[in-house]
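Trainee: I'd like to go through this one with you, piece by piece. Can I fire off some questions?

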Amino acid sequence: MNRTYELMFIVRPDMTDEDLDKLIAMLQSVVPAAGGTVKRVEKMGKRRLAYTVRRFHDGIYVLLVVEGGGPAIHELERRLRVTEPVIKFLTVRIDEEQKRLDKVKKLRDARKKVSAQPAAPAEPAPAPATETPATA
Amino acid sequence: MAEETKATAPAGERPAGEERRPSSDRPGGDRPRFGGGRGPGGPPREGGRKFFRRKKVCKFCVERIEDINYKDYRLLGQFVAESGKIVPRRLTGVCAPHQHRLSSAIKQARNIALLPFAGRAS
């Protein structure tokens, strides 16, 4: 089951950097046990929340990209739920969307190549034409 | 007679110029306000165009933005009214497939507090 998920979560703004690192390390250690791999960890920094969450106006955003099946996500979400400093989280499956994007990109690249090929032979043609007035 | 039609021409054009201004910064909060600069452009004259309406095009098609992601709250914010509502596509000109992706992305962003459910982000 190779699926890619994106877990975004918000921790309370008064959390120290080392505590945050510890929390992330804990989450990372959970994933392999449940049959998944952590692809990417991104600390997106402190940001103002669009609305108050548990009486907090700010939060530190963290993004986790995980590859694996349902059990890994289930375990991660459970951990996030019971971890007190985490005030909100969201899991999004991204592999299908990524597949679609790759397809679109491939299609566009192919189209670009087709449009570039006729343009290439067309370019040398005007070059002699501009030369002739120079020699005359 | 000819003079009159000439005189009406600039009058008809002026609202068009006025209208272009808000639409150029369309990403702003101008759009949701109904008839902000658009309204009936001046008194309707018979014969000429009653008011000029700019052809709306899908931003995502024009700029080739295929990835409508919930993390890109700045982009999504352009399609959210002051009140926090998703702006209907008859006002923004977004095409149906993109509006579909857009609305789901906005809803995801709301869930993770990147965009407000209601009201301005304070």
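Mentor: Sure. One definition before we start: two residues are in contact if their C-beta atoms, placed from the backbone, lie within 7 Å. Keep in mind, too, that this is a predicted model.

Trainee: With that cut-off, how many residues of chain A are in contact with chain B?

Mentor: Apply the 7 Å limit across the two chains. Chain B brings 11 residues to the contact, and on the chain A side the number is 13.

Trainee: And on the side of chain B that touches chain A, how many residues are nonpolar?

Mentor: Split that side by residue class. There are 2 polar and 2 charged residues, and the nonpolar ones number 7.

Trainee: Let's look at chain A by itself. In what pattern do its helices and strands follow each other?

Mentor: Chain A has 4 helices and 4 strands to place. Reading along the sequence, you get β-α-β-β-α-β-α-α.

Trainee: What is the order of the strands in the sheet?

Mentor: Work from the pairings. E2(A) and E3(A) are antiparallel over 12 bridges, and 8 bridges join E3(A) to E1(A), again antiparallel. The edge strands, each pairing on one side only, are E2 and E4 (86-93) of chain A. That fits an open sheet of 4 strands with the order E2-E3-E1-E4.

Trainee: Which residue stands opposite Lys43(A), and which one is the bridge partner of Met8(A)?

Mentor: Both answers lie in E3(A). Lys43(A) faces Val62(A) there, while the bridge partner of Met8(A) is Leu63(A).

Trainee: Which residue in the turn between E2(A) and E3(A) has a positive phi?

Mentor: Those two strands form a hairpin with 2 residues between them. The phi in question is about 50 degrees, and the residue is Arg54(A).

Trainee: What angle does the direction of H1(A) make with that of E2(A)?

Mentor: Start with the sheet, where neighbouring strands are turned by 20 degrees against each other on average, direction ignored. H1(A) packs on that sheet and touches E1, E2 and E3 of chain A. Its direction and that of E2(A) make an angle of about 135 degrees.

Trainee: Which strand gives the most to the largest nonpolar core?

Mentor: That core has 35 residues, and those touching the most other members include Leu7(A), Val66(A), Leu76(B) and Leu114(B). Elements of both chains supply at least two residues each, among them H1 (17-33) of chain A and H5 (96-111) of chain B. With 6 residues, the top contributor is E1(A).

Trainee: Why does Tyr70(B) count as buried?

Mentor: Tyr70(B) is in the loop between H2 (59-62) and H3 (73-77) of chain B. Beyond four places in sequence, its contacts are Ala105(B), Gln108(B), Ala109(B) and Leu114(B). The cut-off for buried is 20 or more other C-beta atoms within 10 Å. Tyr70(B) counts as buried because its C-beta neighbours inside 10 Å number 21.

Trainee: Which residue of chain A does Leu114(B) touch?

Mentor: Leave out residues up to four places away in sequence. Leu114(B) then touches Tyr70(B), Tyr73(B) and Ala109(B), and from chain A, Ala50(A).

Trainee: Last one: over which residues of chain A is the pLDDT below 50?

Mentor: The chain A mean is 83, and 85% of its residues reach 70 or more. The stretch you're after has 0 contacts in the model beyond near neighbours in sequence. It covers residues 125-136.

Terms used:
Residues numbered from 1 in each chain as written. Chains lettered and ligands numbered in written order. Predicted model: local features only at pLDDT ≥ 70, side-chain atom pairs only at ≥ 80, totals over all residues. Nonpolar A, V, L, I, M, F, W, Y, C, P; charged D, E, K, R; others polar. Buried ≥ 20, exposed ≤ 12 C-beta atoms within 10 Å, placed from the backbone. Pairing = 2+ DSSP bridges. pLDDT = per-residue confidence, 0-100. Core = buried A, V, L, I, M, F, W, Y, C linked by C-beta atoms within 7 Å. Axes fitted to C-alpha atoms, helices over the stretch in contact; angles between N-to-C directions.
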